[in-house]
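These are my notebook entries on one structure. I looked up the sheet, the core and the ligand site, in that order.

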Amino acid sequence: MNILDTIVARKKEEIAERKALRTVADLEKEPFFERTTLSLSQSLVNPERTGIIAEFKRKSPSKGIINGQASVEDVTATYARLGASGLSVLTDTDFFGGSNADLLLARQQQVPILRKDFMVDEYQVVEAKAIGADVILLIAACLTPERVQSLAAFAKSLKLEVLLEIHDESELVHICNEVDMVGVNNRNLKTFEVDINTSLRLIGKMPAHKPAVAESGISDPETIKTLKQAGFKGFLIGENFMKQPDPSIAFADFVKHL
Ligand SMILES: O=P(O)(O)OC[C@@H](O)[C@@H](O)c1c[nH]c2ccccc12
């Protein structure tokens, strides 16, 4: 089994455990459930922002511990203040060291927030709304095109936006009307290999009317210039900032060079 299959198998167990603890009806009573969500697709094309979706990630299966001490409140506040177009918060605990509590803390910021997790069930979409997310991620590598479409339609019914993540040509067929943005993960989730050229290769084959997001392995402001020229509007960056003792300082320094 590759790591993605392992994560998704564990995720399904976790969802069953969570459903037993809190029903959908419980989630719908959460204070954040009834709220006006923010649009990441609009924020990405706002010329006053950087296009960066800055990610809070404590650890990952490929890197182990990235940052064991940073405060989600402090770091996301700096990201938002210094021009991040959006925030991405890992909510998977077992493999990424994140939690729903992290996303709730990030929600103090008035910028769109992506719930970064492995979404395979409608329950998680309801939960995303209840914990304060504006956008969900759907990963083509763990869903059929039909499931992408049905989960995306469900997310839209809750006024959440959808970022569809693809990694190669074969996954272009997962793109449907219901997704708002298409991301290209430069990291192969099965082998962990990272190659920025994955984004540059795929952009020409993606729909021009949906903002394109380049994801993973970005560590140089020059790369953002190249990706922008190729047509990307969003740049999802985690580790480059999180691996520093103070991710806020790393972010401030990076945006100076854009
Ligand atoms: O830390 P990086 O290399 O900047 O990557 C961020 C983000 O793209 C990455 O965390 C990611 C992209 N798609 C995912 C899906 C699940 C978990 C994590 C991810």
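Which residue in β7 does Leu-137 stand opposite? I found Leu-163 there. The model is predicted: local features need pLDDT of at least 70, side-chain atom pairs count only at pLDDT 80 or more, and totals for chains, interfaces and linings use all residues. Numbering starts from 1 along each chain as its sequence is written.

**Sheet.** I noted five bridges between β6 (residues 135-139) and β7 (residues 161-166), which run parallel. Strands here are DSSP runs (E, at least two residues; helices are H or I, at least four), numbered from the N terminus, and two strands pair if DSSP finds at least two bridges between them. I then traced a barrel of eight strands, closed in the order β1-β4-β5-β6-β7-β8-β9-β10 with parallel pairing.

**Core.** I looked up the largest nonpolar core (buried Ala, Val, Leu, Ile, Met, Phe, Trp, Tyr and Cys residues joined through C-beta atoms within 7 Å; buried means 20 or more other C-beta atoms within 10 Å of a residue's own, with C-beta atoms placed from the backbone). This core holds 69 residues, of which Leu-87, Ile-136, Leu-138, Val-162 and Phe-235 touch the most other members. β6 gives the most to this core, with five residues.

**Ligand.** I recorded 15 residues around the ligand, the closest being Glu-215, Ser-216, Leu-236, Gly-238 and Glu-239; a residue counts as near if its C-beta atom, placed from the backbone, lies within 6 Å. β10 (234-237) and α10 (239-242) each supply at least two residues of this shell.

Note on methods
Buried ≥ 20, exposed ≤ 12 C-beta atoms within 10 Å, placed from the backbone.
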